[in-house]
Structures are given as C-alpha cells and as structure tokens.
Amino acid sequence: MTAGSQKILIVEDDPGVQSQMKWALSDFEIAIADDRNSAIAQARRFDPNVVILDLGMPPDEAGATEGLAVLEAILAISPRTKIIVASGHSGREAAVKSVQLGAYDFCAKPVDIEILKMIIDRACHVQALEADALTATRDKTSEPFEGVLAASPQMLKVCRGVERVASADVSVLFTGESGTGKEVLAKALHRASPRANNPFVAINCAAIPENLLESELFGHEKGAFTGAVKQTIGKIEQATTGTLFLDEIGDMPLPLQAKLLRFLQERKIERIGGRKTIEVDVRIVSATNMDLEAAIQNGGFREDLFYRLNEIAFEIPPLRERDGDALLLAKFNLEKLSGLYNKKIKEFSTLAKRGIELYDWPGNVRELENKMKRAVVLSDGKTITAEDLELELDDSEDVNFPTLRQVREKAEFDVVNRALAVTDNNVSQAAKLLGVSRPTLYELLKTLGVKV
Ligand SMILES: Nc1ncnc2c1ncn2[C@@H]1O[C@H](COP(=O)(O)OP(=O)(O)OP(=O)(O)O)[C@@H](O)[C@H]1O
Ligand SMILES: [Mg+2]
C-alpha cells in the first residue's frame, strides 16, 4: 500500500489551511471541499479512503453542528471511509462526540502535520485490513442465501434482485430450465421476506390431475362432490399470511387459470360447495420452465393472468452459463455426500475438474447432484475421476489433452525422482546432477510434494 494509491478528501473552509494541508499531503491523491454539499458530492464521486474534516464550518464556524452533519452524511454514503476530525474552536467535547458518531480519530487545530500523517497511515492500514476481511468471508461462504450456493456474477445478480424484492409484496415469477433452482430461490425469497415466519405452501400444478387441482387450491366443504367426505382447506387458504408457491404454473389448465385470476383480482376465495367468501392474504410466487409468452401466443396461457403473476420476473441462468458455479456446487456436494456415505473422498482429479467446467449440464443443478451422488457411492478411492462422473463431453479430446503445465510438472516429477534414486536420496548430489542449487531443489521438492 503506497501513499499515492490512497485518496484523501480535505473538508475545510479556510483557504490558507486548505493549501497548507494540500502541500503537506502531496504524497496522496487529494480532493478538497469547503462546505457540506461539496463534501457530500466529493464523498460520492471521489470515494476517498480518508476524510480530514474540519468541524467548524459555515454557517456554524464556532460550533460543530455543520461538521457533525457532514460526518454523518459521509458515513451514510460509505461506512468504511475513515474520517479524521480536526477541531478548533469547537473543542474536545465535539471531537469526542464525533468519534461516538463514527469518526475514526481526531486531532486538535492547528494541526501537527507529522501527527496527522501518522493517523492517516494507520487509518489506511486499518481500512485495508477491513477490506481484506470482508472479501475473505465472502469467498468462504459463496452462499448468498441459506441453501443457495452461487459465486458466478450471473447468479449473484439474480440473488441481489431477489433480495431487493423480498420485502415488497409483489408477485414474482421465476423462469428457467429444469433443475436450475427455481424452487430453491422461491424458498429463499420467502425466507428473506417479512412473511418468513408464516407458512410457505407449494403446489405443483403439473403433478395434480385437473379435476383435483381446483379442490387442492381452493379447498372444499364436506359433501361438495362425490368423495368429499370431509371439509378440506385448500392450499391458498393454508398459505394465509405467508407465501403460496405455484410451481409449474405453465401447466395449469385454462378453466383453473380463470379462477386463479379471479382470486388474484379479488383476494377472496370460496371453497368448493361453500357459501362463504373468505379473504386471504398471500404473496404469490410462481415458477415455470415453459415459455409462457409462446404459450400465450398459442392460446395455452391467459395473458391477463401472466401479467398478474409476473409483476417481477427472474430468469435463472442455466448452469453452463454460470462462471465457476458448477465446480463450486460439485465441491460442496462432494463434501456433503462423502460425509453422508462415510467415504474418504477428498478431491477431484484435474481432468474431472475440467470436465465439470466444460460439460453442458442439460439437467442443471439437479443433474450435477445426481452425477455426484453416483460417483461418490461407486468410488472407492480418495479422488473423483472424470470416469466416475460419466460426463459425455462433446469434445473429449479437449479434456484428455494435458496442459503444458501438467506435462512440465510430470517431467519434473519423474526426473527429480530419478536423480534422488541415483544418488540414494542425497539432495546435494541430486541438485548437482540436475544442475540446480540445493535450495532450488528443496523448493521444487516441496512444490511437487516429493518427500526425501
Ligand atoms: N444454487 C443452488 N445451490 C444449491 N443447491 C441448488 C441450487 N440450485 C439448485 N439446487 C438444487 O438442485 C435441485 C434442483 O433445484 P430446484 O428443484 O429448485 O430446481 P427447479 O428449477 O425448480 O427445477 P424443475 O424445473 O425441474 O422443477 C434441488 O435439489 C436443489 O436443492
Ligand atoms: Mg421445480
């Protein structure tokens, strides 16, 4: 970390002090603001690491109200900015107050430049450490929502969107190929919403025969139809105060689409064979892998219903389009399954890893889970190989073709072992044979994992 890469914003109304500081801190990248508005504008635009803030600013030069207001505004914009407060007339009390509000440190005016520089260096150092800690925890989890693994920009974008709409009561539609995680995200949305502690009720519109689906959704009274031996509460009612997840919504028969639409307009239901109208407060989340717009074109889906369900839509990208997610999911599954089946499998072979990255995953995350389960159950080694995964790759040559680095490592490994064998494990002599220094050979042995 060099001073030149650090940005400092000086907030100061006295032109004399401004130029003095600018000169003294010329090692840093400097921006200057002389009132509240320009300070806030610079905090946004310039994004400083450190702000040196004069507390006494017009219209309250003798006090600190204006300075403290700037402090709060800047911390609201970027909480990780380190603010060093310079207090003159306003005195120590105001300085203490500013630290309570989140300032990093303070120094008295007139400012001793050497002391100020020390404080700045430390502030930059602390900030860098905090930034490292933040990225480290993010890397470690890769779990934007509980149970949702994702590290690719494509999925993180979707997850951020889901998080943003969770608190609003809008209807959300998830589309995407089979096995991409539509249900997983619907549940995550529910858990991130204010309804999290209320029911999440799912109904699969494709799995239930048409004549039963209506009663599943709306419920029925005893004797409503042959076989209705007792009163049954429908899924919509069960989801009251919570979330109703309409899975495979594209498969809902047209007559029922009309009834569902009426419910969405009025937010009231009648159980089949019932006489009362029941008000129901539910949030609707639906999912489909069907192209609903095409279904609307050919008359299979109602356009008006589509707009009700689709207040916000998320298209979940297929696994093959998520950079790095397949390997992340594979590793997670390996750990989980290896524990579950009492296996000691620790890793993937290099070819297996490349295969996972290159494979098309037409069945998406579900297919990956199935392939991993099979591989873990059948494998008896410590490593999952490309064969264990049975990936059918279009271009298998590409996978079997070793990289230059693999070839080099293999050659080094072989020749180092030969040299050690010839010299009876004498590292000095082996190094001489190989034409390298002893420390170099030791380094190489370490890299190659060769034990003498
Ligand atoms: N991001 C993810 N992290 C962890 N597991 C996931 C993720 N996405 C999907 N899965 C897992 O993959 C499987 C399929 O997910 P899900 O049922 O949500 O897919 P879907 O899109 O609803 O599929 P379908 O259209 O076939 O119903 C589930 O076992 C789920 O737990
Ligand atoms: Mg599903």
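These are my notebook entries on the domains, the ligand shell and two helix pairs of a predicted model.

**Domains**

I began with the division of the protein, which runs as domain 1 (3–138), domain 2 (153–315), domain 3 (321–400) and domain 4 (404–448). I then looked up the separation of domain 1 and domain 4, and found their centres, taken over C-alpha atoms, to be 55 Å apart.

**Ligand 1**

Next I turned to ligand 1 and listed what surrounds it, which came to 16 residues, with S178, G181, K182, E183 and V365 as the closest. I asked which elements give two or more residues to this shell, and noted α7 (182–191) and α15 (364–378). Sorting the shell around ligand 1 by class, I recorded 6 nonpolar, 6 polar and 4 charged residues. I also wanted to know where the ligand sits relative to the domains: domain 2 (153–315) and domain 3 (321–400) both give residues to the shell, so ligand 1 lies between them.

**Helices α13 and α14**

I went on to helix α13 (residues 325–340) and helix α14 (residues 350–358), which pack at an angle of about 125° with their axes 8 Å apart. Angles over 145 degrees would count as roughly antiparallel and 65 to 115 as roughly perpendicular, and I therefore entered α13 and α14 as oblique to each other. For the handedness, I noted that α13 passes α14 in a right-handed crossing. On the α13 side I found A326, L327 and A330, and these meet K353, I356 and E357 in α14. The residues of this contact divide into 4 nonpolar and 2 charged, with no polar residue among them.

**Helices α18 and α20**

My last entry concerns domain 4 (404–448), where I looked up helix α18 (residues 404–422) and helix α20 (residues 438–448), whose axes come within 11 Å and cross at roughly 120°. I classed α18 and α20, therefore, as oblique to each other. Here I recorded the crossing of α18 and α20 as left-handed, whereas I had written right-handed for α13 and α14. From α18 the residues E409, E412, F413 and V416 take part, and they meet L444, L445 and L448 in α20. By class I wrote down 5 nonpolar and 2 charged residues for the contact of α18 with α20, and no polar ones.

Note on methods
Residues numbered from 1 in each chain as written. Chains lettered and ligands numbered in written order. Predicted model: local features only at pLDDT ≥ 70, side-chain atom pairs only at ≥ 80, totals over all residues. Near = placed C-beta within 6 Å. Helix = DSSP H or I, 4+ residues; strand = E, 2+ residues; numbered from the N terminus. Nonpolar A, V, L, I, M, F, W, Y, C, P; charged D, E, K, R; others polar. Domains from an automatic or database assignment. Axes fitted to C-alpha atoms, helices over the stretch in contact; angles between N-to-C directions. Parallel < 35°, antiparallel > 145°, perpendicular 65-115°, else oblique. Left-handed = near helix turned anticlockwise from the far one by under 90°. Contact = placed C-beta atoms within 7 Å.
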